Amino acid sequence: MKQVLTFFIGVIIVLAVAVFGVMLYRSFYVSSDGGEMVTPPPDLQIVQSSTTTIPVRFQIPALSIDAKVQDVGITKTGAMGIPSNFTDVAWYKYGPVPGAIGNAVIDGHLDNAVSLPGVFKHLADIKTGDDIYVTNAGGQTLHFQVTKTETLDYNATSTSEIFGPSGTANLVLITCEGTWNQSIKEYSNRLVVFSTLVK
Amino acid sequence: MVAMALVLGAAVAGSASAQSAGTTYTGTNGTVYSVPAGYSAYGTGTFYNSSTGMYFDPVTGQTSSTVPAGPAAMSNGVYSVPVGYNASVYGTYYNPSTGTWYDPATGFYSTTAPAGPNAVAGTVTTPTLPDTGAGGNADMNLAILASAALIALGGAAVLSKRSTVAQK
């Protein structure tokens, strides 16, 4: 009887440790909703940039942000992918590289699953004219300045201003804001920061 | 990179029968592009307007007075790009010193910035906004973490105590 009880307690301990480990992992590492598409939709005909123009470092001195840059595509639900952790930012790899003509898009997390601050926790504090720096793999640092910010609904369907073509070299930042919607387990809005390359 | 380049090449090659002035052009991947009135199929997926002398590439949305040279040579399935050109958008490459874009799939040089695929509405995939927050369930997640830790520690304490008692 004592051995059975000991075994039972052991099983509970193992389960508790497993739950703790999983929760802790999920608090710091995330995956895009439904996972990313392995291959992009066929109409995304954008030739990928050379390795030297891919962004690797992202900085906003005014907000003390200095982050590594991951690259992401599109999730199976059709959304832009997200960084796999809460400290990096992610560049949309089917769009232009930062510094090229068009809208390069970078997103980052607001917070993690235990409400610790993500890389873009204070992005709402950014102001028009603030500086953004992106360094590519070739070592070139590009300077952008904020032109405006906008708040969009989480399910906004018109995203052409963000992902669509542009005649100038822009950088667009996206993160969550608003209130938590428990039914969809998402924040109600997205903060979008528009910036343009400084010549 | 290789796959993307091939996709691009295939799309630009398109269907000759679908190329007609002022209507549409269907790429081999099924994407339908609109072609402005006055342009006739020229080749390699480009169109020519004889009254203006301009060429039009519906995949990049560019116009040019330079005759398209056709697809650039490929090496291991990847287009060759002239020296001085850096990757830009919509499959084009940009030379900042000359201010020209180059499309390796058509051999198209242009001083016009790529405006994007001149696709018929709804045929080009644009992602929706990303989900970049997870903190809304923080209270519940912290409670689960704390409960799991307490159960594990409590269980370990019970086992330790039982072990000590058994040894005595």
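The following conversation goes through some strands and loops of a predicted model.

Biologist: Which pattern do the helices and strands of chain A follow along the sequence?

Modeller: In this predicted model, chain A holds two helices and eight strands. When these elements are read along the sequence of chain A, they follow the pattern α-β-β-β-β-β-β-α-β-β.

Biologist: How many of the residues of strand β4 in chain A are buried?

Modeller: For chain A as a whole, which has 199 residues, 43% count as buried. Strand β4 of chain A, which spans residues 102-108, is mostly covered, and the number of its seven residues that are buried is seven.

Biologist: In what sense does β4(A) run with strand β7 of chain A, parallel or antiparallel?

Modeller: Strand β4(A) pairs with strand β3 of chain A, residues 89-92, in the antiparallel sense over three bridges, and there A:A90 has A:D107 as its bridge partner. With strand β7 of chain A, residues 169-181, β4(A) shares six bridges, and A:N103 is matched there with A:N170. The sense in which β4(A) and β7(A) run is parallel.

Biologist: Is A:S64 buried or exposed?

Modeller: A:S64 lies in the loop between β1 (55-60) and β2 (65-72) of chain A, and its phi is near 55°, which is a positive value in a residue other than glycine. Around A:S64 there are 8 other C-beta atoms within 10 Å, and a residue with 12 or fewer counts as exposed. A:S64 is therefore exposed.

Biologist: How does A:K185 count, with its C-beta neighbours inside 10 Å?

Modeller: A:K185 also has a positive phi, of about 55°, although it is not a glycine, and its place is in the loop between β7 and β8 (186-197) of chain A. The number of its C-beta neighbours inside 10 Å is 13, while a buried residue needs 20 or more and an exposed one has 12 or fewer. A:K185 therefore counts as partly exposed.

Biologist: Which strands stand at the edges of the open sheet in chain B?

Modeller: The open sheet of chain B has four strands in the order β9-β10-β11-β12, with antiparallel pairing. Each edge strand has a single partner strand, so one side of each is left without a neighbour in the sheet, and these strands are β9 (86-87) and β12 (108-110) of chain B.

Biologist: Which residue of β12(B) does B:W101 stand opposite?

Modeller: Strand β11 of chain B, residues 100-103, pairs with β12(B) in the antiparallel sense over three bridges. In β12(B), the residue opposite B:W101 is B:S110.

Methods:
Residues numbered from 1 in each chain as written. Chains lettered and ligands numbered in written order. Predicted model: local features only at pLDDT ≥ 70, side-chain atom pairs only at ≥ 80, totals over all residues. Pairing = 2+ DSSP bridges.
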